[in-house]
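Subject: A structure for you to look at

Hi,

Here's the structure I promised to send over. Have a look around first, then read on for what turned up in it.

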Amino acid sequence: MADVHTHDAEEPRRFGRGVFLATVLGGVSSLVWGKGVWGHVSSALGGAEAFVPLVPTKGWRIYTVASSMPTFDPATWKLGVGGLVEQPLSLDYGALKALPRASQVSTFHCVTGWTVDGVHWRGVRIKDLLAQAKPKPAAHALQFVSAEKPYVDYLTLQQAMLGDVMLAYEMDGQPLPREHGAPLRLVIPDMYGYKNVKWVEQVNLVPKAGEGYWELLGYDRDAWVGRSNGYSS
Amino acid sequence: MRAAPGYVRRFSRTERTLHWVNAAGFFVLLASGLVLYLPALSAQVGRRPLVKDIHFWAGIGWICALVLVALLGDRGGLLRTAKELDRFDREDVAWLRLRRPAPQGRFNAGQKVNASLTAAFFVLFAVSGLLLWLGERDTRFRFASTVVLHDGLLYASLALLVGHLYLAVIHPATRHALRGMVVGTVREDWASEHHPRWSPPAE
């Protein structure tokens, strides 16, 4: 067959569509391998990307739902603890920081796929916050109300008492930055970021966990990393 | 419109419209996308739901506009250009291997590769962007790597854009090509020096 010799010197090759198709196929297939490979690349870089101006530091993205980001004024800020409690509380920033301190290093997972490893948090364990407020027996869950309206989310008391759940006011050795929820955010590393409510200004004890902001939009209430929201690992 | 004496027509009106609609869409999406992506900008601009809507609908608008230009414009001409961009002959391969001289046609091999990559990135941006949008609404469309693909495309297309802008605006030997993409025509002597195997159709 003469066809064997089609690609002789005079016959143009269709490289253009080859480049196009290979790129599209490579890109689409990266939906399967992309995150794993990127994880290796970024750990090989060893945080060097943090020195590139503008690139998201350590892989953080800033997600918000309201038209403006809450501002923090230490002079007027208060954390309320209410609902089914014997002793409702209103803590100012100083009183919050006077509570027993806890620190931890944990990984932060966003449901959209990005992950930040080795985040240093410092803050207050839920049990230390509740020790003063004294939940009533009917209280089985906590509602975390954000200053970013209308963002709320819930944890059961059991979830909130996990060993690495805290209300954090420091991140990586600095006061919590505004875009990360200053001055106080919930941290629950076993669940996706949308449960880690930012700009927490009120904690209410409630009979049972309700639907938070993203749950009302179809996300799972129990947002366990790797086994909720359509993921299984 | 006839080319002025000493000039030859390199790009048709449809090709130029397609190019500039593509460029405009890219820059609107780049600006709104960076606000969504970069923490410093996200914090400064705020209004994320609005910026997200702008980004999404600009993306839909971009796709529709390109399809419209292709459908309403000179389809036959676009198809011929696509064929030209697809085909790499011996000189093109030599050009890519940096073997000179490798006299080029209307497009040099680098421009052909750029066109293929730009088209592929366009498709991948659209697919991953739609998956991000759908994934927020339905877990069946949610993949852990979608955001990695969309962000990776940003870096890849920025690299391509920087090279493209350098050659089109700064590099002395090639920047005359910009005239071709703005008014359609280029100098005959420039064409015969850089694209000697291109024989522009007589007007």
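Let's begin with empty space: the largest cavity holds about 40 Å³. Keep in mind as you read that this is a predicted model. With a lower limit of 30 Å³, the count comes to 1 cavity. Who lines it? From chain A come Ile62(A), Thr64(A) and Met69(A), and from chain B come Val35(B), Leu36(B), Ser42(B), Gly46(B) and Arg48(B). Sorted by type, that lining has 4 nonpolar residues, 3 polar ones and 1 charged one. If you wonder how anyone finds such a hole, rolling a probe the size of a water molecule over the atoms shows where empty space is left.

Next, how the two chains meet. Chain A puts 46 residues into the contact and chain B puts in 38. Between them about 3,600 Å² of area is buried, and carbon and sulfur atoms give 65% of that. There are also 2 salt bridges between the chains. One of the bridges to look up joins Arg61(A) to Asp151(B), with the closest N and O atoms 2.7 Å apart.

Why would such pairs form? Side chains of opposite charge can pair when their charged atoms come close. Over all chains, the search finds 14 salt bridges. Try this one inside chain A: Lys195(A) and Asp153(A), with 2.9 Å between the closest N and O atoms. Lys195(A) sits in the loop between β9 (185-187) and β10 (200-206), while Asp153(A) belongs to strand β6, so this pair ties together parts of chain A that are 42 residues apart in sequence. Buried or exposed? Lys195(A) counts as buried because its relative accessibility is 1%, and Asp153(A) is buried too, at 0%.

Chain B has its own pairs. Arg140(B) and Asp138(B) meet at 2.6 Å, N to O. Here Arg140(B) is exposed, with a relative accessible area of 65%, whereas Asp138(B) is partly exposed at 23%. Another pair is Asp189(B) with Arg187(B), whose closest N and O atoms are 3.0 Å apart. Both ends are partly exposed: Asp189(B) at 46% and Arg187(B) at 33%. Back in chain A, shared partners join Asp153(A), Lys195(A) and Glu215(A) into one network of salt bridges.

While you have chain B open, count its elements: 9 helices and 2 strands. Starting at the N terminus, they run β-α-α-α-α-α-α-α-α-β-α. The C-alpha trace of chain B spans about 55 × 40 × 35 Å along its principal axes. Of its 203 residues, 40% count as buried.

Last, a few backbone oddities to click on:

- The peptide bond from Lys149(A) to Pro150(A) is cis, and Pro150(A) lies in the loop between β5 (141-146) and β6 (152-156) of chain A.
- The bond from Arg100(B) to Pro101(B) is cis as well, with omega near 0 degrees; look for Pro101(B) in the loop between α5 (90-96) and α6 (109-135) of chain B.
- Lys134(A) isn't a glycine, yet has a positive phi of about 55 degrees. Its place is the loop between α3 (126-133) and β5 of chain A, and Lys134(A) is partly exposed at 47% relative accessibility.
- Leu98(B), also not a glycine, has a positive phi of about 60 degrees. You'll find Leu98(B) in the loop between α5 and α6 of chain B, exposed at 66%.

Happy exploring!

Technical notes
Residues are numbered from 1 along each chain as its sequence is written. Chains are lettered from A and ligands numbered from 1 in the order in which they are written. This is a predicted model: local features need pLDDT of at least 70, side-chain atom pairs count only at pLDDT 80 or more; totals for chains, interfaces and linings use all residues. Side-chain values use heavy atoms; hydrogens and water are left out. On a 1 Å grid over the protein atoms alone, a cavity is a set of points where a 1.4 Å probe fits but cannot get out, and a pocket is an open set with protein on both sides within 12 Å along at least five of seven lines; lining residues have an atom within 4 Å of a point. Grid points are joined across faces, edges and corners, and a volume is the space filled by probe spheres set on the points. Ala, Val, Leu, Ile, Met, Phe, Trp, Tyr, Cys and Pro count as nonpolar, Asp, Glu, Lys and Arg as charged, and the others, Gly among them, as polar. Helices (H or I, at least four residues) and strands (E, at least two) are DSSP runs, numbered from the N terminus. Buried means under 20% relative accessible area, exposed over 50%, partly exposed in between (1.4 Å probe, protein chains only). Contact means heavy atoms within 4.5 Å. Buried area is the accessible area (1.4 Å probe) that two parts lose on being put together, summed over both. A salt bridge is a side-chain nitrogen of Lys or Arg within 4 Å of a carboxyl oxygen of Asp or Glu.
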